[in-house]
Amino acid sequence: QVQLVESGGGLVQAGDSLRLSCVASGRTFSSLDMAWFRQAPGKEREFVALIRRFGSSTYYVDSVKGRFTISRDNAKNMVYLQMNSLKPDDTAVYYCAATGGFGSLYADNYDFWGQGTQVTVSS
């Protein structure tokens, strides 16, 4: 089992930045592909970013490319999502997800999820 706890959400204005953090426990962190998803009210959960277990590769949904950066610190069991130039459309609950298999942009690929952290961007 893997436990994931997100933090760092909040209420910001358009153009501001936030950094989300997710701490993992219960399994060797470097054995996990890690991802961030988000879910806005009335919408399905959406892939945001993925980082492979040793940080060698990252992937992003087109809408956040150039604004968001996913990173990880395997020594601290942490994954981060640096979000810059935030827009009202980024408003959602952001979830950290983990898999011991091969991560992808599909939520069904992930075995473990955090409780989510709310990000609200006002215009």
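Valine 23 is partly exposed in this predicted model, because its relative accessible area of 36% falls between the limits of 20% and 50% that separate buried from exposed residues. The residue belongs to strand 3, which spans residues 18–25. Beyond its neighbours within four places in sequence, valine 23 is in contact with two runs of residues: Gln3, Leu4 and Val5 on the one hand, and Lys76, Asn77 and Met78 on the other. The C-alpha atom of valine 23 is separated by 12 Å from that of tyrosine 95, a residue 72 positions away along the chain.

One of these partners, asparagine 77, merits attention for its backbone. Asparagine 77 has a positive phi of about 60° although it is not a glycine. Its place is in the loop between strand 7 (68–73) and strand 8 (78–83), and with 25% relative accessibility it counts as partly exposed. A second residue other than glycine with a positive phi is serine 85, where the angle is near 50°. Serine 85 is found in the loop between strand 8 and strand 9 (92–99); its relative accessible area is 40%, so serine 85 is partly exposed.

The discussion now turns to strands 4, 5 and 6. Strand 4 (residues 33–39) pairs with strand 5 in the antiparallel sense over five bridges, and within this pairing phenylalanine 37 stands opposite phenylalanine 47. The two strands form a hairpin with six residues between them, and glycine 42 in the turn has a positive phi of about 75°. On strand 5, three bridges lead to strand 6 (residues 58–60), again in an antiparallel arrangement. Here alanine 49 has tyrosine 60 as its bridge partner. Strand 5 and strand 6 likewise form a hairpin with six residues between the strands, in which glycine 55 takes a positive phi near 75°. Strand 5 itself, residues 46–51, is mostly covered, with five of its six residues buried.

Strand 4 also contains arginine 38. Is this arginine buried or exposed? Arginine 38 counts as buried, because its relative accessibility of 6% is under the 20% limit. Its side chain makes a polar contact of 3.0 Å with the side chain of aspartate 90. Setting aside residues within four places in sequence, the contacts of arginine 38 include Glu44, Arg45, Glu46 and Val48, as well as Ser63, Val64 and Phe68. Further contacts of arginine 38 are made with Asp89, Asp90, Ala92, Val93 and Tyr94.

The nonpolar interior completes the picture. In soluble globular proteins, nonpolar side chains tend to be buried together. The largest nonpolar core of this model has 37 residues, of which Leu4, Met34, Trp36, Val79, Leu81, Met83 and Tyr94 touch the most other members. Two or more residues are given to this core by each of strand 3, strand 4, strand 5, strand 7, strand 8, strand 9 and strand 11 (117–122). Which residues does methionine 34 touch, not counting those up to four places away in sequence? Methionine 34 touches Leu4, Cys22 and Phe29, together with Ala49, Leu50 and Ile51. It also touches Ile70, Arg72 and Val79, and finally Cys96, Ala97 and Ala98.

Terms used. Residues are numbered from 1 along each chain as its sequence is written. This is a predicted model: local features need pLDDT of at least 70, side-chain atom pairs count only at pLDDT 80 or more; totals for chains, interfaces and linings use all residues. Side-chain values use heavy atoms; hydrogens and water are left out. Buried means under 20% relative accessible area, exposed over 50%, partly exposed in between (1.4 Å probe, protein chains only). Helices (H or I, at least four residues) and strands (E, at least two) are DSSP runs, numbered from the N terminus. Two strands pair if DSSP finds at least two bridges between them. Contact means heavy atoms within 4.5 Å. A polar contact is a pair of N or O atoms within 3.5 Å; within protein, one must be able to donate a hydrogen and the other to accept it, and residues adjacent in sequence count only if both atoms are side-chain atoms. A nonpolar core is a set of buried Ala, Val, Leu, Ile, Met, Phe, Trp, Tyr and Cys residues joined through side-chain atoms within 4.5 Å.
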